[in-house]
Amino acid sequence: MGAKAKQVNLREIIANYPDFPKQGILFRDINPVFKRNDALNYIANEFYRTYSKAKVDMVAGIESRGFIIATALALRFGRGIVMIRKAGKLPGRTVKKSYDIEYGTAIMELQQDAIDKGNGILIADDLIATGGTAIAAAQMIKELGGKVAGFAFIIELSDLKGADRLREMGYNVESLVTFDGK
Ligand code: AMP
């Protein structure tokens, strides 16, 4: 663990699928990363190194690949997780946030009792593109009185500038692999 953890070249492991799920999108597939125990350990250790001094009380995962990353991080940080889900899947009282996607809008949802006031929340997802999803997640966490400790992404699509938007808003952002252009 820690400094002795094996280096893993995520860039080489991530798979690329042109024109999925539609024409013009180069889909970055994280599943080959999830298959490997050494890659999961590497991810958890990298983010732990960045955020071990931050106030992380919970890890929030964004549906659905973010859940897997959040769980790996929660175990490493010794914390629990909260699920940020697509609308309509969580019971009880919730907060919702709509945000722009390529065509139209999407809605994310979070249970009202998921976060205690003042808790530091590390938000995890597989990939940041335009940042719409991540910003919606941060807004809901703040609405419930949480504090965003930072963002943990495996992949940053730098030409879409979502990570830069978050940094400009003053958030801590770490991404492990950056892809620019198509
Ligand atoms: P955005 O809100 O634009 O930052 O989009 C981020 C969300 O969309 C993440 O949950 C990603 O899983 C997904 N996503 C967007 N673009 C891609 C892509 N090229 N490959 C894989 N997933 C993507």
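**Figure 1. A close-up of the loop around lysine 161.** Lysine 161 turns up in the loop that runs between β8 (147-157) and α6 (162-168). This is a predicted model, and here lysine 161 has a phi near 65 degrees, a positive value in a residue that isn't glycine. Most residues other than glycine have a negative phi. Is lysine 161 buried or partly exposed? With a relative accessible area of 48%, lysine 161 is partly exposed.

**Figure 2. A close-up of the loop between β1 and β2.** The loop from β1 (15-18) to β2 (26-29) is home to proline 21, and aspartate 19 is found in that loop too. Aspartate 19 has a positive phi, near 60 degrees, though it's not a glycine. Its relative accessibility is 39%, so aspartate 19 counts as partly exposed. Look next at the peptide bond from phenylalanine 20 to proline 21: it's cis, with omega near -5 degrees.

**Figure 3. A second cis peptide bond.** Glutamate 63 and serine 64 are joined by a cis peptide bond, with omega at about -10 degrees. Most peptide bonds are trans. Serine 64 sits in the loop between β3 (58-62) and α4.

**Figure 4. Aromatic rings in pairs.** How many aromatic pairs does a search of the whole structure find? The search turns up four. In one of them, tyrosine 48 meets phenylalanine 77 edge-to-face, with 5.0 Å centre to centre and 75 degrees between the planes. This pair ties together distant parts of the chain: tyrosine 48 belongs to helix α3 (residues 37-51) and phenylalanine 77 to helix α4 (residues 65-77), 29 residues apart. Tyrosine 48, at 28% relative accessibility, counts as partly exposed, while phenylalanine 77, at 13%, counts as buried. Phenylalanine 151 and phenylalanine 153 make a stacked pair, because their planes are at 10 degrees, with the ring centres 5.7 Å apart. Phenylalanine 151 is buried at 0% relative accessible area, and phenylalanine 153 counts as buried at 1%. Add Tyr171 to Phe151 and Phe153 and you have one aromatic cluster.

**Figure 5. Arginines over rings.** Back at tyrosine 48, the charged end of arginine 76 sits over the ring, 4.1 Å from its centre. Elsewhere, arginine 11 has its charged end over the ring of phenylalanine 179, at 5.3 Å from the ring centre.

**Figure 6. The ligand and its neighbours.** There are 14 residues around the ligand, and Asp125, Asp126, Thr130, Gly131 and Thr133 come nearest. In the side chain of threonine 133, an N or O atom is 2.5 Å from an oxygen atom of the ligand. Aspartate 125 places a polar side-chain atom 2.8 Å from a ligand oxygen. Leucine 26 takes part through its backbone, with an N or O atom 2.9 Å from a nitrogen atom of the ligand. How much of the ligand does the protein bury? On its own the ligand exposes 490 Å², and the protein buries 81% of that.

**Figure 7. A close-up of helix α5.** Helix α5 (residues 132-143) is 12 residues long and reaches 17 Å from its first C-alpha to its last, close to the expected 16 Å. Its buried residues are Gly132, Ala134, Ile135, Ala136, Ala137, Ala138, Met140 and Ile141. Just past α5 comes glycine 145, which has a positive phi of about 90 degrees.

Terms used
Residues numbered from 1 in each chain as written. Predicted model: local features only at pLDDT ≥ 70, side-chain atom pairs only at ≥ 80, totals over all residues. Heavy atoms only, no water. Helix = DSSP H or I, 4+ residues; strand = E, 2+ residues; numbered from the N terminus. Expected span 1.5 Å × (residues − 1). Buried < 20%, exposed > 50% of the residue type's maximum accessible area, 1.4 Å probe, protein only. Phe/Tyr/Trp six-rings, centres within 6.5 Å; stacked < 30°, edge-to-face > 60°. Lys NZ or Arg CZ within 6 Å of the ring centre and 35° of its normal. Near = heavy atom within 4 Å. Polar contact = N/O pair within 3.5 Å; in protein donor to acceptor, adjacent residues only side chain to side chain. Areas by Shrake-Rupley, 256 points an atom, 1.4 Å probe, with all protein chains shown as cover.
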